[in-house]
Amino acid sequence: MSFRLQALGALLAVAAAPATATAQGAIAGTVRDPNKAPLAGVTVVASSPALIEGTRTAVTDGDGRYRIEELRPGTYSVKFTRPGWAPFEVDGIELAGSFTATVDASLTLGALTDVVNVTAEVPAVDPHTARQDVTLSGDLIRSIPTVRSYNALLPFVPGVVTNVNDTVTATSSTSFPIHGGRANEGRLTLDGLTIGSPPSGNSATSYVIDVGTAQEVTFTTAGGLGESETAGLVMNIVPASGGNTTHGSLFASGTDSVFQSNNMTPALRAQGLSTATPLADVYDFSGTIGGPIVRNRLWYFVTGHAGGSTRNSATVHYNLNAGDPAAWLYAPDLSRPEYSDRTFDNASGRVTWQVTPRNRVAAFWDQQSLCGGCTGATPGLSEPQQISPEAVGVLGRPLTVAQATWWSPVTNRLLIEAGFVGTRFGVGNFERVPNPTSGLIRVAEQCASGCAANGGIPGLVYRSQDYSVAYTGSYLWQGSLSYVTGSHVLKAGYQHTLMTDDRTWYTNTQNLTYRLNNGVPNQLTESISPWVNDTRAGWDGLFLQEQWTRARLTLQGALRFDRATSWFPEQQEGPSRFLPTPIVIPETRGVDSYKDLSPRVGAAYDVFGNGRTAIKAFLGRYLDGVGSSGTYANANPSMRLPSTTSSFGTAGVTRSWIDANGNFVPDCDLQNPAAQDLRASGGDLCGVISNTSFGQSALTNNFDPAILNGWGVRPSDWDLSVSAQQQVGSRSAVSVTYTRRSFHGFTVVDNLALQPSDLTPFSIVAPLDPRLPGGGGYIVGGLYDVTPDKAGQVANVVTASSKYGDWFQYFNGIDVTGNVRVGARLTLVGGTSTGQTVADNCGVRSALPELSTSTTGSSAFGAGLNGSAVTPLSPYCHVAYGVLTQVRGLGSYVVPKAELELAVTFQSKPGAQLAANYAVPNSAIAPSLGRSLSGNAPNATVNLIAPGSMYGDRITQLDVRLARTLRIARTRTRLAVDVYNVLNSSAVLSYNNTFVPGGSWLQPLTILTPRFFRFTAEMTF
């Protein structure tokens, strides 16, 4: 069934399916008489232009308390009435994010015409929740010097670590773990509904949304109750939804290389960097219009958006030998640097309909084309970052988002919400057509001891494309029922997500990849192409949560039940060169099923009863996100067939190869898995393949049934936060928060074909090199090599790490954040985050020396033993990553009467974690090992420095905007000049981590984009 039919069916059925949304703002307080006694039965009416229905109503309870939930951001008035008492009205209440504005009232006896009207002075501290939020208004977002994409705002949230450290110039898939969390934990939501990527555990995808048109963006950093599947950062974008007046905007911005500086320095040139990382161009155009179709009943809002950016490579150039079947080496064309370009265009529309006074529905559709016109070389997430243009496919892909919601306050106390969202898009790089490389063998340069004879770029891949035909989708139904009184908020909800992921991977028609070392072959990879991996995953969540306020104390609690599953449709592998007889895999269950109960509790205390000082604490259990990845996908039989290459690509195995006759043809029988030495007869030496069952219908990567189903099996984490918040002045607040996170549910791969005695321990001596700790010469021990008679024998089983020993990982940190507002002219938001991740699985490794945390079944972390793999050749099983500090912030100041605005953004964060990956030659290993490496391997790669012991340049960036606003009739035009990287920092972002004694180790590969100017114009009406 097509996505459009699925989406249409869901839109028609949404009213019948319960759902829930991310928390929005609320107004709460107490009504008293002149003697301070509580008044029951007072009618409280909140009104705002932000509400299509105009008003929301509540009635005070016996304690005089009231609460109005789920209010959209905007400016509100609240009126209090009771027969025989003079009405009391409070104006100018600004509501943002999930903030609960405290609005108290004191009524006096009098006539209905004796209205008491006051201007709100709402505290800047929310003492009614343990939740931690940062909210940026749409006005603030439009004023700061950033591109208008979701990932451009993430670097300004203290505690967040993103996979992109350079200046953001376009939307891209961005992971954003916080406080040492899993890479897939971050969530991007649009109006409370997740826009997810199944291959990334339903974290954010490359969804292009113009955040400059949003009403606001809220970042929830801790304290999510029952609605949350995972911990970590939730970024919720509240879109514009029309209104009772027609309004719109036209926006344009851009720059090109003429407006850039040069941040190359003599020191960088001395380290081997030949050029900076310049932008060729950045452009962005959009238009919006919204308003009433029927006033107070039917609103619309539509957008059109197009843009793109182009960036040249600092190290890779076009290959003069591209497409030449007789050429095996990379020859750079120094006049043509490789470039990466990203383009997008989309159109979207939203309709909001107040069907009856107590029923509102909304529908949204967004159709996008990502990189539909791209011509450059943009590596996919699974591809090497050093790759020649002829070896890269096309990033272009469609993306569709459909969304529908239903909202109904059945009574003043009972609220029902329902929603659906569907996201479908292409994954990875598609084939570049025409493809003249399809018959050529792909090549990777190892550069173990330098590679001046073959381009001088360690890890460079060239000569032939690998690509995929892959589409994925995430479809979410969710709903909730809330019962709200002045003191209590009781909420029950249900969530369901279905994920589809269909991938077919391709390599060249010869099904081979060569690895060269300085232009000389030393290894080859045999692949099965095409290779099919199709996955289905889903989860259901039920939750019940309660919030109770008594005097100054608010208590919160939630209990959430989750059930997660995965399964796989029928698939066929082959026929192909190394799988002549096809394998048909019937529909199979994977995870079946995980079941979890997750409790969460929180407390907030208004210290002095004036809403200006609050102490908060929260403790909760959360789960690893479900997706078409990890165990959910790896349980697929197509992923368990014999293979030792990455799961993001064709199935394959490696074998050592000595091209004795130098003809770049492996002159041995590649169908024979055993080692062959045919050099005496004019042939080559080919080692045993890395999995001797390759090409057979046998499962050599299996799963312990105990980790595919059961209670409490799914990876999880416990999160604790304790904070103190203090209001400073009338509209500013400072917060200090301690956070501890501990992670559980690790898995390992046990090769049952091996016993501990089948792995021979050895050590190496680090070469003497002044760049290494202590100048080198130290011993790196705890290394293992499988015995030659067991080489290539694989019978893996994925099972719980607890069977072998202890495995722990935790984070401790302190955040200091502030939100300063002085009138309507000055806004400052930011803070610092300082913390450390510690991880240890030494007990597991001692019992399981073949342990590899980078293989099937592992979870990925921003920092941890999965980010710094523990393997037989990587002994660092205890890692303390060091106490690291970030500083983030943004601000805007309007010069009175001059219509001038100055805005800044600032970030300072740790640099890249460094490694020294040394391809130790067999001759240096044999004396300690007592023999040569098994499988005729010419070398073994060992990291000579402990993870977390060395970091690259600290990354500090200051961006500034100067804007002038012109008002003509009913239009408002803002003209702005943005200056990015004002200090023209040349901090190194990525390094050559391949260690060669006296060679180019730590040569800079990319540096921060040089200072450049961007020009912006926006007209609103």
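Two strands count as paired if DSSP finds at least two bridges between them. With that in mind, let us walk through this predicted model, beginning with its strands.

**Strands and sheets**

Strand β27 (residues 520–528) and strand β34 (residues 651–658) run antiparallel and are joined by 6 bridges. Within this pairing, leucine 524 has arginine 655 of β34 as its bridge partner. Both strands belong to an open sheet of 7 strands with mixed pairing, in the order β23-β22-β26-β27-β34-β36-β35. At the edges of that sheet are β23 (461–462) and β35 (676–677), each of which pairs on one side only. As a reminder when you look at such a sheet, side chains in a regular strand alternate between its two faces.

Further along the chain, strand β50 (residues 917–921) is worth a visit. Its pairing with strand β51 (residues 939–943) is antiparallel and spans 5 bridges, and valine 920 stands opposite alanine 940 in β51. β50 also pairs with strand β55 (residues 994–995), here in the parallel sense and over 2 bridges. In that parallel pairing, asparagine 917 faces threonine 994 of β55.

**Disulfides**

How many disulfides does a search of the whole structure find? There are 4. Counting bonded cysteines along the chain, they follow the pattern 1-2, 3-4, 5-6, 7-8.

One of them joins cysteine 371 to cysteine 374, with an S to S distance of 1.8 Å. The torsion about this S-S bond is -95°, and the link is left-handed. Cysteine 371 and cysteine 374 are both buried. Another disulfide connects cysteine 447 with cysteine 451, the sulfur atoms being 2.1 Å apart. Its torsion is about -85°, so the disulfide of cysteine 447 and cysteine 451 is left-handed as well. Cysteine 447 and cysteine 451 are both buried.

The disulfide between cysteine 842 and cysteine 877 has its sulfur atoms 2.1 Å apart. It links distant parts of the chain, 35 residues apart: cysteine 842 is in helix α7 (residues 842–847), while cysteine 877 is in the loop between α7 and β47 (878–880). The torsion about the S-S bond of cysteine 842 and cysteine 877 is about 95°, so this disulfide is right-handed. Are its two ends buried or partly exposed? Cysteine 842 has 25% relative accessibility and therefore counts as partly exposed, whereas cysteine 877 is buried at 12%.

**Salt bridges**

The whole structure holds 37 salt bridges. Three of them are listed here, with the distance between nitrogen and oxygen.

| Acidic residue | Basic residue | N to O distance |
|---|---|---|
| Aspartate 191 | Arginine 350 | 3.9 Å |
| Aspartate 758 | Lysine 790 | 3.0 Å |
| Aspartate 978 | Arginine 1014 | 3.1 Å |

Arginine 350 forms its salt bridge with aspartate 191. This pair links distant parts of the chain, 159 residues apart: arginine 350 is in strand β18 (residues 332–356), and aspartate 191 is in the loop between β11 (187–190) and β12 (193–194). Arginine 350 and aspartate 191 are both buried.

The side chains of aspartate 758 and lysine 790 also meet in a salt bridge. Aspartate 758 lies in the loop between β41 (747–751) and β42 (759–765) and lysine 790 in the loop between β43 (779–786) and β44 (796–800), so the pair ties together parts 32 residues apart in sequence. Aspartate 758 is buried, with a relative accessible area of 11%.

Next, aspartate 978 is bridged to arginine 1014. Because aspartate 978 lies in strand β53 (residues 971–980) and arginine 1014 in strand β57 (residues 1012–1020), this contact ties together parts 36 residues apart in sequence. Aspartate 978 is buried, at 0% relative accessible area, and arginine 1014 is buried too, at 2%.

There is also a network of salt bridges, which links Arg182, Glu185, Asp624, Asp717, Asp719 and Arg741.

**Aromatic rings**

The search finds 20 aromatic pairs in the whole structure. One of them is the stacked pair of phenylalanine 808 and tyrosine 810, 6.0 Å centre to centre and with 20° between the planes. Phenylalanine 808 is partly exposed, with a relative accessible area of 34%, and tyrosine 810 is partly exposed at 24%. Tyrosine 810 has a further partner: arginine 740 lies over its face, 4.6 Å from the ring centre. Likewise, arginine 360 lies over the face of tryptophan 407, at 4.3 Å from the ring centre. Finally, Trp328, Tyr514, Trp657 and Phe664 form one aromatic cluster.

Key:
Residues numbered from 1 in each chain as written. Predicted model: local features only at pLDDT ≥ 70, side-chain atom pairs only at ≥ 80, totals over all residues. Heavy atoms only, no water. Disulfide = S-S within 2.5 Å. Buried < 20%, exposed > 50% of the residue type's maximum accessible area, 1.4 Å probe, protein only. Helix = DSSP H or I, 4+ residues; strand = E, 2+ residues; numbered from the N terminus. Phe/Tyr/Trp six-rings, centres within 6.5 Å; stacked < 30°, edge-to-face > 60°. Lys NZ or Arg CZ within 6 Å of the ring centre and 35° of its normal. Salt bridge = Lys/Arg side-chain N within 4 Å of Asp/Glu carboxyl O.
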